[in-house]
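User: Could you walk me through this one? I have some questions about helix packing and about how the chains meet.
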Amino acid sequence: MTHMANPAAAAARRQRHWDWRAAGNFIGGGTGSGLVLAAAFAALLEPGGPIRAWALLAGMACVAAGLSLVWLEIGKPWRALNVFFHPQTSWMTREGIVAGPLLACSAAAAASGSGALLAGAALLAAAYLYCQARILRASRAIPAWSHPRVVPLILACGLAEGSGAMLLLGGADSAGLVALALAATLAREAAREAYRRGLLASAAPAQTLAWFAHPLTRALQGLRLLAALLMLAALAGVGGAAMAATGGAIALATGWALKLILITRAAYRRGAQMLQQPVRGRAARR
Amino acid sequence: MTRYAMVADLRRCVGCQTCTAACKETRGTPPGVQWRRVLDIETGEYPDVRRSFMPTGCQHCDEPPCLEVCPSTATRKRGDGIVTIEETLCIGCSACIMACPYDARYMVDETVFAFGEQAMPHEGRLADKARVGVVTKCDFCAGRVDAGVARGLVPGVDAAATPVCAQSCISGALQFGDIDDPASPVSKLLAENRWFRMHEELGTGPGFYYLWDQEAAA
C-alpha cells in the first residue's frame, strides 16, 4: 500500500477568544498613537507655534479607551498588573510598559507646550504602535496575523487613522496635515496590498483569503479610495477644510473597520496537519 | 538530561477517544475542553476515501511560542521539556491561545458541568475555580509523572508514572517517555519508524511525534 503524499488538514476554525474588545484595543491604540504622531508632525510644520494639545488629549483618550476595553476582556482583570512580568520576550508586556510613559508624556506635553516632551511622546507613541503590531505578529496560530507584513500594515493603519482623526478634529485647515493624512492613507493602501499578496503567497487559510473578496471589504476599499480623493481635492483647493475633514473621517472609520475584520472575522487558526498518511497493512514494529 | 515526549502511532490509532475520556475523567476538564483530542481526518474523494485519526494536544515544544508571548510568565517550561501554566499568575489574556499553532489551549469563563448544574462525581471532585478565567492545557500529567519518578518508577514504562492518555490507550498507539534516553521505548520507536512533527516549519520543535511507516531499511 502506498501512502498519500499530500498533507491532510483539519478544517481551519475562526478564533473566538479575541472579540470586539480586543479589536478595540488595536483601534484605540492605533488611532491614539497616530494622533500623537500627527500632533508632533504638526509642530514640525509650525516651528515655535503652539502645540495642538487637543490632539494629544484625544490621542490619550483613545489609547486609554483601548486599554480599558482589553482590561474588560481578560479573564482575570484584577491580576492585570501581572502583565508587566515578562518584558524579555512578550510584546504585550512591552505595550503595557510603554503605555504609562506615553500617557504621562503626552499629558505633560499638552499641559506645558514643551517641544521636547512632545518629541518624547511621539517616540513613545511610535513604540506603542510597534508593540501592537508585534503582538499580532507573534500570534503564530493565526496566519492572518503572524505574517511579517502585518507589521507595516498596522503601523500604516495607525498613522492613517491618527492623521485622519487629526483632520476631523480640527486640523483640516493645515495643508501639511492634509498631505500627511493623504500620504498615510496611500501608505496604508500599499501596505494592505503587500499584505494581501503576502498572504496569498504563503497559502493562508482560504477563509481568511475570502475576506479580501468579500463585498464589505470591497466597499471599504472604495471608501478608502474616496477618502484619498477627498484629501487630494482639498489639497488642490476644492472644497476646503470641510472636504479634508470628511476625507479624514472616512480614512479613520475605514481603518477601524479594517481592524475589526482583521481581528474578529478574518482570523482563522492554522489548524492541524497530517503530513503523512499512516501506512497500514503491514506489521508495525513494537 | 531528560526530554519527555509523546509518540503517536497513526497506524495503530483507531479513534476510540479513550485517551480523551481518560484525560477528562482524571483531570476534570469542563465540556468543550479537551487537553487530549483525537482528530478524525477524511481525505480523498469517493470511492478512494481514507479516514485517519490523529491524537493531538499540547506539543510541549522546545521553543514554545506560547511561553514567548505570555506577559505574566504563567507559562513555563521545565527542564524535562514539560510546558506548564502557573494558574495563579495567568491573567487570561489569551495571547498564548493565539500563539499556539496546535490549538492546544483553552479558557472558560464560568464553571460548567457536562449535564447542567449537577456535577458528575468526578467533576464535583475535580472542579477548580482557580481554572476559571485562566488558560489551561495538557501538562503531560506532570504531577503523576513527578510522583512516579519520586517513587523510582520510569515514565512511559511504569503505568503509575505515565500520563493517563498513554496509559489508557487501547491499541498502544500513544507512547510516552524520555527521548534523551536511547534505551527508552519511545526512542526505539523513533529509531525504527518514520515520523513527522506537526508545523515543524514554524521552528517550535514539538515534543509530539507521529509515526506513519516503518523505516525503509528496517
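Analyst: What follows is a short talk through a helix pair, one residue and the chain contact, bearing in mind that this is a predicted model.

User: At what angle do α1 and α7 of chain A pack?
Analyst: Helix α1 (residues 20–45) of chain A packs with helix α7 (residues 175–201) of chain A at an angle of about 140 degrees, and their axes are 10 Å apart. That angle makes α1(A) oblique to α7(A), and the crossing of the two is right-handed.

User: And which residues make the contact?
Analyst: From α1(A) they are A:A38, A:F41, A:A42 and A:L45, while α7(A) gives A:G176, A:L177 and A:L180. Sorted by character, the residues of this contact are six nonpolar, one polar and no charged.

User: Now A:G34, is that buried or exposed?
Analyst: A:G34, which sits in helix α1 of chain A, counts as buried because it has 32 C-beta neighbours inside 10 Å, where 20 or more are enough for that class.

User: What does A:G34 touch, leaving aside its neighbours within four places in sequence?
Analyst: A:G34 is then in contact with A:G158, A:L159, A:E161, A:G162 and A:S163. The C-alpha atoms of A:G34 and A:L159 are separated by 4.5 Å, although the two residues are 125 residues apart along the chain.

User: Switching to the chains, how many residues does each give to the contact?
Analyst: Chain B gives 45 residues and chain A gives 39 residues. On the side of chain B that touches chain A, the elements giving two or more residues include β2 (36–45), β3 (48–57) and α2 (65–69) of chain B.

User: What is the make-up of that side of chain B?
Analyst: Its residues divide into 25 nonpolar, eleven polar and nine charged.

How values were computed. Residues are numbered from 1 along each chain as its sequence is written. Chains are lettered from A and ligands numbered from 1 in the order in which they are written. This is a predicted model: local features need pLDDT of at least 70, side-chain atom pairs count only at pLDDT 80 or more; totals for chains, interfaces and linings use all residues. Axes are lines fitted to C-alpha atoms, for helices over the stretch in contact, and angles run from 0 to 180 degrees between N-to-C directions. Helices (H or I, at least four residues) and strands (E, at least two) are DSSP runs, numbered from the N terminus. Angles under 35 degrees count as roughly parallel, over 145 as roughly antiparallel, 65 to 115 as roughly perpendicular and the rest as oblique. A crossing is left-handed if the near helix is turned anticlockwise from the far one by less than a right angle, and right-handed if clockwise. Two residues are in contact if their C-beta atoms, placed from the backbone, lie within 7 Å. Ala, Val, Leu, Ile, Met, Phe, Trp, Tyr, Cys and Pro count as nonpolar, Asp, Glu, Lys and Arg as charged, and the others, Gly among them, as polar. A residue is buried if 20 or more other C-beta atoms lie within 10 Å of its own, exposed if 12 or fewer, and partly exposed in between; C-beta atoms are placed from the backbone.
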